[in-house]
Amino acid sequence: MAEKTGLPLRRSLANTPPLTAGILFGIGLAVATAAVWAVQELGTVITALIVAVFLAVGLERIISGMTKRGLPRWLAMTILLLGVAIVFCGGIAAIIPAIVRESAQFVDRAPGYYETLMNSRLVESFGGQDGLLERAEGALTAANMTKALGGVAGGVASFFGGLVWTITTILLTLFILAAYVQLRKGVIRLVAASQREQTERILEGILRQIGAYLIGALAIGALAGISSWIFMAIVGIPYAALLALLVALLDLIPQIGATIGAVVVTLVALAVSPMTALASAIFFVAYQQLENWVIYPTVMRSAVKVSNLAAIVAVLVGGTLFGVVGIVLSVPIYAAIRLIGKELVLPRLDHS
């Protein structure tokens, strides 16, 4: 007597009893709701992890370059971390004396600033020093003080929260770098054996483009910072080292970062003189044209091969969805999606 074959695992929804269909629908809805809630609650953690992966992939390109020359991986990581620490500590050592010097000068000149302010037309429009004091006394109520202290406390909490997440991101980057080879092999093993070769080729292309993009962005930012520091040192803009570091960091944000840095420097230059501010505006406009049309295309053409139109659209979409992090990661993510489409989607369309 022949054995009866088992029932098929797939069943048509039309043949499913209404009670069972309702239960399955409810379970699916609950799972989807829980997933959305988890993503919202873990948004900061997910963002830190994405940034850490991005940084680790970029730094891995440097480490792999050293290991190809015969260095052990642990030694290559040690050299890289020591180099980053030296650069970071050197930057702090260059900035702190300037901040201390400028702060001391501000304290020495504060009485003169006060006298100038009290004798200005702005204070006279408020009724002079006595009128200004009366308005200040009226504003310093218990409710206003409570709001001000609450705002200050919130700002301090946000600062330390950002500092904690920055340190967390750095630690995650180090852990990902330490386990980079194992993580990569684990990702490949999650794919069916017949697809592993193609998946590894696509993954290698994505990681190579992300690493090249990060190194290129760092080089462009460093060039912007050095050029700005030379200009500010020539024209006599204060806080040159600190502002140059700010320009270099903001230049890492595609399309809009350089403009923000230029505005900040020009506002500081306005405190020196209107002509200095005009010279600053002219310098940054000229440099941005050079960066946008010569430096950036030259560096990125060999890295991610993304057109200016695609970069602008990717930055707009990334900034709208994910803020500053989306702006920074938009270009390499677009390059990765394009590579996946080129390797998987287009061949199927061509043979369909």
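## A tour of an all-helix model

Start with the whole chain: buried residues make up 27% of the 352 residues in the protein. Keep in mind that this is a predicted model.

Colour by secondary structure. You should find twelve helices and zero strands. Along the sequence the pattern reads α-α-α-α-α-α-α-α-α-α-α-α.

Switch on the surface. The accessible area is about 23500 Å², and carbon and sulfur atoms account for 72% of that area. Now turn to contacts. Of those between residues at least 6 apart in sequence, 63% join residues at least 24 apart.

Next, select the aromatic rings. The whole structure holds five aromatic pairs. Zoom in on Phe-283 and Phe-284: the ring centres are 5.1 Å apart and the planes meet at 75°, over the 60 degrees cut-off, so this pair is edge-to-face. Both Phe-283 and Phe-284 are buried. Add Phe-231 and Tyr-287 to the selection, and you have one aromatic cluster together with Phe-283 and Phe-284.

Stay with Phe-284 and Tyr-287, since both also appear in the lining of the largest cavity. How many cavities of 30 Å³ or more are there? The count is one. The largest cavity has a volume of about 50 Å³.

To see its walls, select Ala-224, Ser-228, Val-247, Asp-251, Ala-258, Phe-284, Tyr-287, Gln-288 and Glu-291. By class, this lining has five nonpolar, two polar and two charged residues.

Finally, show α8 (196-235) and α11 (274-301): each supplies at least two residues of the lining. Which helix gives the most to the lining? That is α11, with four residues.

Technical notes. Residues are numbered from 1 along each chain as its sequence is written. This is a predicted model: local features need pLDDT of at least 70, side-chain atom pairs count only at pLDDT 80 or more; totals for chains, interfaces and linings use all residues. Side-chain values use heavy atoms; hydrogens and water are left out. Buried means under 20% relative accessible area, exposed over 50%, partly exposed in between (1.4 Å probe, protein chains only). Contact means heavy atoms within 4.5 Å. Accessible areas come from the Shrake-Rupley method with a 1.4 Å probe; for residues, only the protein chains shown count as cover. Rings of Phe, Tyr and Trp (its six-membered ring) pair if their centres lie within 6.5 Å; planes under 30 degrees apart count as stacked, over 60 as edge-to-face and the rest as tilted. On a 1 Å grid over the protein atoms alone, a cavity is a set of points where a 1.4 Å probe fits but cannot get out, and a pocket is an open set with protein on both sides within 12 Å along at least five of seven lines; lining residues have an atom within 4 Å of a point. Grid points are joined across faces, edges and corners, and a volume is the space filled by probe spheres set on the points. Ala, Val, Leu, Ile, Met, Phe, Trp, Tyr, Cys and Pro count as nonpolar, Asp, Glu, Lys and Arg as charged, and the others, Gly among them, as polar.
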